[in-house]
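Biologist: I'd like to learn how to read a fold like this one. Could you walk me through it?

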Amino acid sequence: TADAGNLSIFGDRITIRGSFLTSEAGFGSSGAAGNIAIGGHSVTIEDGSFVTSDTLSDRPSGSISIDGEDVIIAFSKVSSGASGIGGGDAGAVRITGGALTIREDSLVTSATSGDGHAGEVLIDMRRSVDMDFSTISSASVGAGRMGRGGLVLIRTPELTLATRSAIATSTLGEGDAGTIDIAAGALRLRGGRAAVKIGCAS
């Protein structure tokens, strides 16, 4: 079976509103999910949008790459995921550029619910990262499974976590949680947190 196709969107001002951009490797497939790349001077993902690459097979999901001078993610999900059905690894999620705003219950994650491992989440912004009621994570969420959480790496001169925002890596299974590495010139916590979690499901 061939791999799923890659999806690339490049332009000056890109707005993804209430939309689904997905690449998936289905159950029983021998192909990998495709990569998704988005780049522009401004990139806005909002209003319940999903930008995802997922695998339900033994092959990996693709990476998600977003680059922009101003990147806004609002009430949306950006994710590379691996299902418990297969054993494939989740891919990396990378956001680079100038300023990143994540708000309104948004999620940026690489996650596994199976024996495959979560990928790294890399945020590298030249100006700032501002989070409000949102989460950045690399997580193993499959109870009793062997998948590991991945690295969460954030580099920025200014990082703000507000209103129950979280930077997290976690595990609910037998695999290890990942590592959080934050390099910020200024860190402001206004009701946010950074956490490594090890849990168990009842």
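**Reading the strands**

Modeller: Sure, and keep in mind that this is a predicted model. Let's start with a pairing: β6 and strand β8 (residues 93–103) run parallel and share ten bridges. Within that pairing, Gly68 has Gly97 of β8 as its bridge partner.

Biologist: Which strand does strand β4 (residues 36–46) join, and over how many bridges?

Modeller: Strand β4 joins strand β6 (residues 64–74), again in parallel, through ten bridges. One pair to click on is Ser42, whose partner in β6 is Asp70. So β6 pairs with both β4 and β8, given that two strands pair if at least two bridges are found between them.

Biologist: And what does strand β9 (residues 107–112) pair with?

Modeller: Strand β7 (residues 77–82) pairs with β9 in the parallel sense, over six bridges, and there Lys77 sits opposite Leu107. β9 also pairs in parallel with strand β11 (residues 135–140), with six bridges; look for Thr109 opposite Ser137.

Biologist: Is β9 mostly covered or mostly open?

Modeller: Mostly covered: five of the six residues in β9 are buried. As a rule, side chains in a regular strand alternate between the two faces of the sheet.

Biologist: How do I judge a single residue, say Thr160: buried or exposed?

Modeller: Look at relative accessibility. Thr160 has 6%, so Thr160 counts as buried, because the cut-off for that is under 20%. Thr160 belongs to strand β12 (residues 152–162). Leaving aside residues up to four places away in sequence, Thr160 touches Val129, Asp130, Met131, Arg188 and Arg190.

Biologist: Now zoom out. How many helices and strands does the chain have?

Modeller: Zero helices and 15 strands. Among contacts with a separation of 6 or more, 80% link residues 24 or more positions apart.

Biologist: What does the radius of gyration say about the chain?

Modeller: Compare it with what a compact globule would give. For 202 residues that is near 17 Å, and the chain has 16 Å, so the two agree. The C-alpha atoms fill a box of roughly 45 × 40 × 25 Å along the principal axes, and 49% of the residues count as buried.

Biologist: What about the surface and the charges?

Modeller: The chain exposes about 8700 Å², with carbon and sulfur atoms supplying 48% of that area. For charges, count 16 positive and 22 negative side chains; the centres of the two sets are 4 Å apart.

Note on methods: Residues are numbered from 1 along each chain as its sequence is written. This is a predicted model: local features need pLDDT of at least 70, side-chain atom pairs count only at pLDDT 80 or more; totals for chains, interfaces and linings use all residues. Side-chain values use heavy atoms; hydrogens and water are left out. Helices (H or I, at least four residues) and strands (E, at least two) are DSSP runs, numbered from the N terminus. Buried means under 20% relative accessible area, exposed over 50%, partly exposed in between (1.4 Å probe, protein chains only). Contact means heavy atoms within 4.5 Å. The radius of gyration is taken over C-alpha atoms; the globule rule is 2.2 Å times the number of residues to the power 0.38. Accessible areas come from the Shrake-Rupley method with a 1.4 Å probe; for residues, only the protein chains shown count as cover. Lys and Arg count as positive and Asp and Glu as negative; His and the chain ends are not counted. The place of a charge is taken as NZ of Lys, CZ of Arg, CG of Asp or CD of Glu.
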